[in-house]
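Here's a short, informal walk through one model, with an eye on strand pairing and a few backbone oddities. Have a look at the structure first, then read on.

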Amino acid sequence: MITDLLITDAYIYVDRNREIPGGWIAIKDGRIHSVGESAQLPPAASRTIDARGQLVTPGLINAHHHMYQNLTRSYAPVTNGTLFEWLQGLYPLWAGLDEESVYLSTFVAMVELLMGGCTTSMDHMYVHPGPNLIDAQFRAAHEIGFRFHATRGSMTRSVEDGGLPPASVVQDEDTILADSERLVGKFHDPAPGAMDRVALAPCSLFSVSERIMRESAAMAEKHDLRLHTHLAEDRDEDTYCAEVYGCTPTEYLERVGWASPRSWVAHYIYPSPGEIDRLAHAGVCTVQCPCSNMMIGGGAADAMNLRARGMQVGLGCDGSASTDHASMWLETRMALLLGRFRNGPHSMSARDALDMATQGGAACLGRTDELGHLRPGACADLVIWKMSEFALAGALTDPVEAWLRCAPAVAGTTIVNGKILVEDGVPCLSGLNEILRAHMREASRIQRLTR
């Protein structure tokens, strides 16, 4: 048998339990065919990449993102605002989103993610001033060859109903539920190795009605879908839930039927220990977004405490207008630094952070069987990492620790579904200059900078 691609002489991080110095990895038909040590003879391959001295890891998984927000990166009027001030300043701009701007922002986000070592990403698209915005996202994903989990986000409460966004970006309940059914029927692929998946993702407990929360849970049960939302991200959310629902955010999540293995939540900064234990026991996963949380200054989840209590924790870039980047390598490094800063040097290692960025993210998306590791049979999503010789000079004993401690690292080669999408640090895509020019035009329009 001749495999499609063979990577040789690499330091291969297969998963948390296995690393192979000087190993090889063979790919065939979009799957990991085999991995082996230098003493083992690898299979023949149509193409061989010599990765001598380089680290190979599973592709990183972005479990929380808002791709459209790269149209308003570093928007000056809100750079020093709190979370709610930031949202109130940007919602009126996001009301200008249309299919073209969402397509372009998604394309740019996915290319940036690939260059930062991410091979699978979800996107939480909850602003819907017009129709077919998620259709535009799938168009970008298909053109690039990116593994994509779209989440059909929603908001029903505008400023007129005591919410934050303008009425032009929220939708009525029947429209949300009908479009969710449409997207599942059109794009969701439940098959192993799927490149396209759809999940349901009301924006937050304070931005949608109770009916949307309950019926999303019922629809997820009907179609075997994942569920996603923001949870316990801000102290104002505690106040809102106490005043409106007479309970905490976690208690409300439980009340509406979301405390199940289908659910993963973003941030989860302010739960009580008992609430963590209950959701962990129910199988709920969470996503830490270190850079966004630090940039907003609103606190961050204690990821290692959540893990110690039995909760799977992934990592996410979050919205590009708060984080202002889409590098999963940087998020992984920041997760390590934040964890050690919070709980001391013995509390967290680079392998803990890498496990969150791979298997933790796969758990959030419900795909630990085939994503987030390089065992035979897994999807062939992997990264050969690139660092300057000067950055690595003297790092001789632990390639995984060096990967996050020495900096910066970028994806030298990114492979998704067995196909090389980034090579020598450059995306293998044509027409990128045109995409960037069009993106600048749309960003200027959204930010109301055009004359």
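Helices (H or I, at least four residues) and strands (E, at least two) are DSSP runs, numbered from the N terminus. With that in hand, the loop between helix H14 (399-405) and strand S19 (410-416) is where you'll find proline 408. The peptide bond leading from alanine 407 into proline 408 is cis, and its omega is near -5°.

A word on where this comes from: it's a predicted model, in which local features need pLDDT of at least 70, side-chain atom pairs count only at pLDDT 80 or more, and totals for chains, interfaces and linings use all residues. Residues are numbered from 1 along each chain as its sequence is written, and side-chain values use heavy atoms, with hydrogens and water left out.

**Strand S2 and its partners**

Now for strand S2, residues 5-15. Of its 11 residues, 10 are buried, so the strand is largely enclosed by the rest of the structure. Buried here means under 20% relative accessible area, exposed means over 50%, and partly exposed is in between (1.4 Å probe, protein chains only).

Which strands does S2 pair with? Two strands count as paired if DSSP finds at least two bridges between them. The table lists S3, S6 and S7 as partners.

| Partner of S2 | Direction | Bridges | Facing residues |
|---|---|---|---|
| S3 (residues 18-28) | antiparallel | 7 bridges | isoleucine 7 and isoleucine 25 |
| S6 (residues 48-50) | parallel | 3 bridges | leucine 6 and threonine 48 |
| S7 (residues 55-58) | parallel | 2 bridges | tyrosine 11 and leucine 55 |

S2 and S3 are also linked along the chain: a hairpin of 2 residues joins them. If you're tracing side chains on screen, keep in mind that in a regular strand they alternate between the two faces of the sheet.

**Two positive phi values**

Back to the backbone. Asparagine 132 isn't a glycine, yet its phi is positive, near 65°. Asparagine 132 sits in the loop between strand S10 (118-125) and helix H3 (133-144).

Aspartate 318, also not a glycine, has a positive phi of about 65°. Aspartate 318 belongs to strand S17 (residues 318-319).

So how do these two residues score for accessibility, buried or partly exposed? Asparagine 132 has 31% relative accessibility, so it counts as partly exposed. Aspartate 318 is buried, with a relative accessible area of 5%.
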